[in-house]
Amino acid sequence: MGHAETYAEYMPIKLKIGLRHPDAVVETSSLSSVTPPDVWYKTSISEETIDNGWLSALQLEAITYAAQQHETFLPNGDRAGFLIGDGAGVGKGRTIAGIIYENYLLSRKRALWFSVSNDLKYDAERDLRDIGAKNILVHSLNKFKYGKISSKHNGSVKKGVIFATYSSLIGESQSGGKYKTRLKQLLHWCGDDFDGVIVFDECHKAKNLCPVGSSKPTKTGLAVLELQNKLPKARVVYASATGASEPRNMAYMNRLGIWGEGTPFREFSDFIQAVERRGVGAMEIVAMDMKLRGMYIARQLSFTGVTFKIEEVLLSQSYVKMYNKAVKLWVIARERFQQAADLIDAEQRMKKSMWGQFWSAHQRFFKYLCIASKVKRVVQLAREEIKNGKCVVIGLQSTGEARTLEALEEGGGELNDFVSTAKGVLQSLIEKHFPAPDRKKLYSLLGIDLTAPSNNSSPRDSPCKENKIKKRKGEEITREAKKARKVGGLTGSSSDDSGSESDASDNEESDYESSKNMSSGDDDDFNPFRDESSEDDENDPWLIRKDHKKNKEKKKKKSIDPDSIQSALLASGLGSKRPSFSSTPVISPAPNSTPANSNTNSNNSLITSQDAVERAQQMKKDLLDKLEKLAEDLPPNTLDELIDELGGPENVAEMTGRKGRVVSNDDGSISYESRSELDVPVEILNITEKQRFMDGDKNIAIISEAASSGISLQADRRAKNQRRRVHMTLELPWSADRAIQQFGRTHRSNQVTAPEYVFLISELAGEQRFASIVAKRLESLGALTHGDRRATESRDLSRFNFDNKYGRNALEIVMKSIVNLDSPMVSPPPDYPGEFFKDVRQGLIGVGLINVEDRSGILTLDKDYNNIGKFLNRILGMEVHQQNALFQYFADTLTAVVQNAKKNGRYDMGILDLGSGDEKVRKSDVKKFLTPGYSTSGHVELYTISVERGMSWEEATKIWAELTGPDDGFYLSLQIRNNKKTAILVKEVNPKKKLFLVYRPNTGKQLKLEIYADLKKKYKKVVSDDALMHWLDQYNSSADTCTHAYWRGNCKKASLGLVCEIGLRCRTYYVLCGSVLSVWTKVEGVLASVSGTNVKMQIVRLRTEDGQRIVGLIIPANCVSPLVNLLSTSDQSQQLAVQQKQLWQQHHPQSITNLSNA
């Protein structure tokens, strides 16, 4: 059975207006098997727009369904919402513009449009213009003063679209104004009974409303929810390419009516538990159910014509040497941090924040090193492609700007070489977070005025003075720290994002992600300066406008003063100017300093073990010296080096979130310059650069994650530059979804040529695995690799996805076997020089995944040692040959774990495909039940399906007659079991590699191709008459006898009275389809009572012989009768309800009109 995640060509079914979309569009096959509801809504959009093709048929379909869904109400009285799940490049922007236009024509003239970055406002204006709605104006929320939007000094805006970013939604006024917050201001503008459109575009960015674990929901998420709750009549549209793939990201989509009053799930948390417990398939069911009810639509641009190749970058000897040196330095650093923290005996809270910082820096450092190894190759490739008349787009994740600024500041604005980002990461970690206290910081904390009067007024220092005096310190300080955090204007509770790794399970990723998301799009009222890679607020000029004083002081604090004070360690927790931390150490005043004399007395009373502190400072100095030594070899900032090598800023269009860059001048000197130009304000710099690329002034574009959302760089028919795009990625994102999002920049509708993708991978831990995940995903969307499409290989996507329960299970076995808690499942890589387990154990201690108990020396595992993300990030900090061997060992273990699961029949394959190959699928019975649906009465169907997959002798001889190869034909097994031999039919499919396709009488065509040598070992070729008897024998018995009984004469399972289906030719399945969500809890109840709670819901896709497609849940045979009983009772009550409704309508004829609108 193939588990190919296949896609089907998409055309609107129920709606016949509009012209074709300019490009081919596909839909996942499970979605294409359900039909959306009938259309009764008639749009008001003008004929002109439709006939000119300004909105294609696809876009009109989405607009119509959205408007139709908006006419219905949920049981709790809110208006129903609509989710657009279209992928990049289908034209979500125009669809949304169309929805706003449609409502504008119906005199709902106010709309809100939320997105991730302010640059997209220009796109919104363009989309509205393109569909002929140029009279609808778009206003930026952050340009308004905090007063009435419709008042004079805000330009009396009475109608139109207000465009805002999610982060500006939580903006608060610093100076006052009529409304303190943006949210209040918007609510006032909309009015209480607002029934216009609210669009949440790219809405997966408002995630973390329902975070993993104990962390609190982010402010953004809460604001999005509040906005919806305060305006129950608003027409809400959610738009997100990854909308329904991540159930957690659906938390704030409460207008879909999947959970809440009148549905099987009371709360979102009930829904998420039900879905996550049941594996991959459950999410597909949810998506299908939403499409059935007419509230979801999801199409993707087909990737036909796109080609991609994987470029392997070999690591040079010198690079490996440098990498291993860096690894050693980090191992030493980890030990020193540990020792120093013990020396000055830091408290738990501070340690936690210190380690959080340490590991997030560790991860960034090695990510930068990985990327740097590829720069030379990228430059070569880019030059070649440009010679060949193409143009190049290079995708980066982060720019490393903060490090550049730190180096600048140290050098007093002078630079003598490109700045090494990697070095900067480690350096700022040691300087800011090494637990060696520093006296001046402490004094300023105590409010002793050593330097200048400016000390106390820095908002982050003064609160601590009072805290010294108050006894309720803890809460006081935390509250203050929260305030401090607001100053940074970071989104919501940034502490959730910025990642002391120990918090959330996906934090490794989120720490990396959040640091990117804080870039241009994610800052209060657009901060063009926030750089992606850093959470350090020092260099953020945006902060300066809020408190200048802090900055003056910072200069003075740089020097380290040895006679320091014990409790100054709070300086490293509190005084560290890092608002992104909420874990603030609690300060306990020394016993003899009473509030009254704390000022005079503190000098003598707080001084403790002088030498401990001095030793800590010595360590700090040593580490910095070691770093200086290593720094000569560390690679420079990738982005600057790339731009320099590719011919400087005049040839390269840079679309990133940073505000300056380092360039080399003609005379060879290096200087730092601002990115902004004379006539171009910084806000639209990226847009200008994009235009230059699209006009062909520059043939190379570099985009960072920050700028990439929503920018279109395809070879557009409307653009001057129509060269073929070559999109190179230096670092692949973790998830295939995010990668597709990034490729969506160059592959969009209306292009002359499809792009080529090049993945650059180095031979470091498992980068090849990431590449193959993404490659599989692209293939399933129809892209081609260079060269041949591999001959009928089974495209099993799950093979490469290791962040699932099998991956975690395998990782657990690997880690336990390394510390001898468990025996290894597979043998370590044979080509490893040295003792594998011993070396890897040392390596893992070095990256903190294994802890050594101080006294006993016993090894213990880190508390979330089976977190895949953490593992993959941390092992980058091991020496090259070690990490590769360890990764190999992990991969082998994973394969073994999956094999075992398959053997025991416990493997969750995601989705089964039946009837895709040569199986014959027949419906033998259908039962229909009405279910409580909210708009129309939904129904579910229980199909009884019989699937036959064998191959009769007649079919076999037909194929045999067409065979031509020298080795093709019937074979018999050499081995005789239970007096029987196996007959097979063999056909050569790949003469070069001698690969053969095998047909068997009981299971038909086999997925796995066999090598000739293997066939020779087990089978010998015979003439057809010899095979006939054996073939028929197995064919006939396999109708009802399993393989075990056939070959061994008995079957363990059958003797226990269980059903064994191994090798059966005919199987029966019971499939429940239709709106399964509405009876989900009932199904759950039945399954749980009969077969325990953790049975996976197996989703199956069928194609019957008459071409009907069915997708649904497989119901185990022993659950069928109790389920039927349950459903038929709910069916009867539902029919009664429907009859009553009809009766009521007959008695109240005037209400029919109301009902159809309601």
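Biologist: Which residues are linked in a network of salt bridges?

Modeller: In this predicted model, Asp-640, Glu-654, Arg-658, Arg-661, Glu-673 and Arg-675 are linked in such a network. To read one, look for a side-chain nitrogen of Lys or Arg within 4 Å of a carboxyl oxygen of Asp or Glu. Glu-673 and Arg-661 meet this condition, with their closest N and O atoms 3.6 Å apart. Glu-673 belongs to strand β15 (residues 670–674) and Arg-661 to strand β14 (residues 660–664), so the pair ties together parts that are 12 residues apart in sequence.

Biologist: Are Glu-673 and Arg-661 buried or exposed?

Modeller: The term buried applies under 20% relative accessible area, and exposed applies over 50%. Arg-661 is buried, because its relative accessible area is 6%. Glu-673 has 31% relative accessibility and therefore counts as partly exposed.

Biologist: How many salt bridges does a search of the whole structure find?

Modeller: The search finds 35 salt bridges. One of them joins the side chains of Arg-299 and Asp-86, with 2.8 Å from N to O. Arg-299 is in the loop between β9 (296–297) and β10 (300–301), while Asp-86 is in the loop between β3 (82–84) and α4, so the pair ties together parts that are 213 residues apart in sequence. Both Arg-299 and Asp-86 are buried.

Biologist: With which residue does Glu-311 form a salt bridge?

Modeller: Its partner is Arg-377, and the closest N and O atoms are 3.1 Å apart. Since Glu-311 lies in strand β11 (residues 307–313) and Arg-377 in helix α13 (residues 375–387), the pair ties together parts that are 66 residues apart in sequence. Glu-311 is buried, at a relative accessible area of 14%, whereas Arg-377 counts as partly exposed at 22%.

Biologist: Where on the surface does positive charge gather, and in which residues?

Modeller: Lys-148, Lys-152, Lys-158 and Lys-178 form a patch of positive charge on the surface. Of these residues, Lys-158 can be located in the loop between β5 (138–140) and β6 (160–165).

Biologist: Why is there no bond between the sulfur of Cys-1042 and the closest cysteine sulfur?

Modeller: A disulfide requires two cysteine sulfur atoms within 2.5 Å. The closest cysteine sulfur to that of Cys-1042 is in Cys-1051, at 3.7 Å, which is too far for a bond. Across the whole structure, the search finds zero disulfides. Cys-1042 is buried, with a relative accessible area of 6%, and Cys-190 also counts as buried, at 9%.

Biologist: How should a helix be read, and which residues of helix α27 are buried?

Modeller: An α-helix has 3.6 residues a turn, so residues three or four places apart point the same way. In helix α27 (residues 685–694), the buried residues are Leu-685, Asn-686, Glu-689, Lys-690, Phe-693 and Met-694. Just after α27, Gly-696 takes a positive phi of about 85°.

Biologist: Which residues other than glycine have a positive phi?

Modeller: Ser-107 and Asn-820 are among them, each with phi near 60°. Ser-107 is placed in the loop between α4 (92–105) and β4 (110–115), and it is exposed at 55% relative accessibility. Asn-820 is in the loop between α31 (805–818) and α32 (836–846), and its relative accessible area of 57% makes it exposed.

Biologist: What separates the C-alpha atoms of Glu-284 and Ile-1099?

Modeller: Their C-alpha atoms are separated by 8.3 Å, although the two residues are 815 residues apart along the chain. Glu-284 is in helix α10 (residues 280–292) and is buried, with a relative accessible area of 18%.

Definitions and conventions: Residues are numbered from 1 along each chain as its sequence is written. This is a predicted model: local features need pLDDT of at least 70, side-chain atom pairs count only at pLDDT 80 or more; totals for chains, interfaces and linings use all residues. Side-chain values use heavy atoms; hydrogens and water are left out. Buried means under 20% relative accessible area, exposed over 50%, partly exposed in between (1.4 Å probe, protein chains only). Patches are made of residues with over 30% relative accessible area and no salt bridge: like charges are joined within 9 Å, nonpolar side chains (Val, Leu, Ile, Met, Phe, Trp, Tyr) within 5 Å. Accessible areas come from the Shrake-Rupley method with a 1.4 Å probe; for residues, only the protein chains shown count as cover. Lys and Arg count as positive and Asp and Glu as negative; His and the chain ends are not counted. The place of a charge is taken as NZ of Lys, CZ of Arg, CG of Asp or CD of Glu. Helices (H or I, at least four residues) and strands (E, at least two) are DSSP runs, numbered from the N terminus.
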